[in-house]
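Visitor: I should like a close look at a single part of this model. Please take one loop residue as the starting point and proceed from there to its surroundings.

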Amino acid sequence: MTEYLSNYIDRLQKKRKELRISYDELADKTGLPRTTITNTMLKYLKRSPSADVLNKLAIALDCPTIEENAQGVTNYELTPDKEELLMLYEEIGSKLGAEAQKGLITYARFLVDGTK
């Protein structure tokens with residue numbers, strides 16, 4: 001499962017908890033088996049979940065569908081400063097190992113969350 005999908009599922013799970021919706025209630029709203037919902041939301045999957053499953057969950061939780069979410073990413077407008085920042089991150093990331101990249105991402109998230 002990609003990091004993008006993993007993060008998307010995390011957002012769905014967070015919304016489910018905010019709304020205080022159980023897996024059984026989500027099964028009723030989506031028409032999906034409870035086991036499918038549990039396995040998807042807890043990421044107990046060998047393969048990535050289908051877009052159909054993710055979209056049913058998103059609609060039931062009043063979240064953007066996977067396509068809407070991806071479109072928001074692809075339509076993101078880059079200013080010259082943002083483009084330079086991304087290029088620098090890419091250059092730094094290529095020089096770091098996987099663990100150091102994760103640390104850098106964690107630090108960036110800390111900076112973003114700390115400014116709110």
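Guide: Lys-43 has a relative accessible area of 28% and is therefore partly exposed, a class that lies between buried (under 20% relative accessible area) and exposed (over 50%), computed with a 1.4 Å probe and protein chains only. The model is a predicted one, in which local features need pLDDT of at least 70 and side-chain atom pairs count only at pLDDT 80 or more, while totals for chains, interfaces and linings use all residues. Residues are numbered from 1 along each chain as its sequence is written, and side-chain values use heavy atoms, with hydrogens and water left out.

Lys-43 is placed in the loop between H3 and H4; helices here are DSSP runs of H or I with at least four residues, numbered from the N terminus. The backbone of Lys-43 has a positive phi of about 60 degrees, although the residue is not a glycine. Most residues other than glycine have a negative phi. This positive phi occurs just after H3.

The helix that precedes Lys-43 deserves attention in its own right. H3 spans residues 34-41, and its buried residues include Ile-37, Thr-38, Thr-40 and Met-41. These residues lie on the same side of H3 because they cover an arc of only 165 degrees around the axis, the arc being that of the directions from the helix axis to the C-beta atoms. The buried residues of H3 pack against helix H1 (3-19), helix H2 (23-30) and helix H4 (51-60), where contact means heavy atoms within 4.5 Å. H4 is thus both a packing partner of those buried residues and one of the two helices that bound the loop of Lys-43.

A second loop invites the same questions. Asp-62 lies in the loop between H4 and helix H5 (66-74). Asp-62 is not a glycine, yet its phi is positive, at about 55 degrees. With a relative accessibility of 66%, Asp-62 counts as exposed, whereas Lys-43, at 28%, is partly exposed.

To summarise the part requested: Lys-43 is a non-glycine residue with a positive phi of about 60 degrees, located in the loop between H3 and H4. The helix before this loop has Ile-37, Thr-38, Thr-40 and Met-41 among its buried residues, and the buried residues of H3 pack against H1, H2 and H4.
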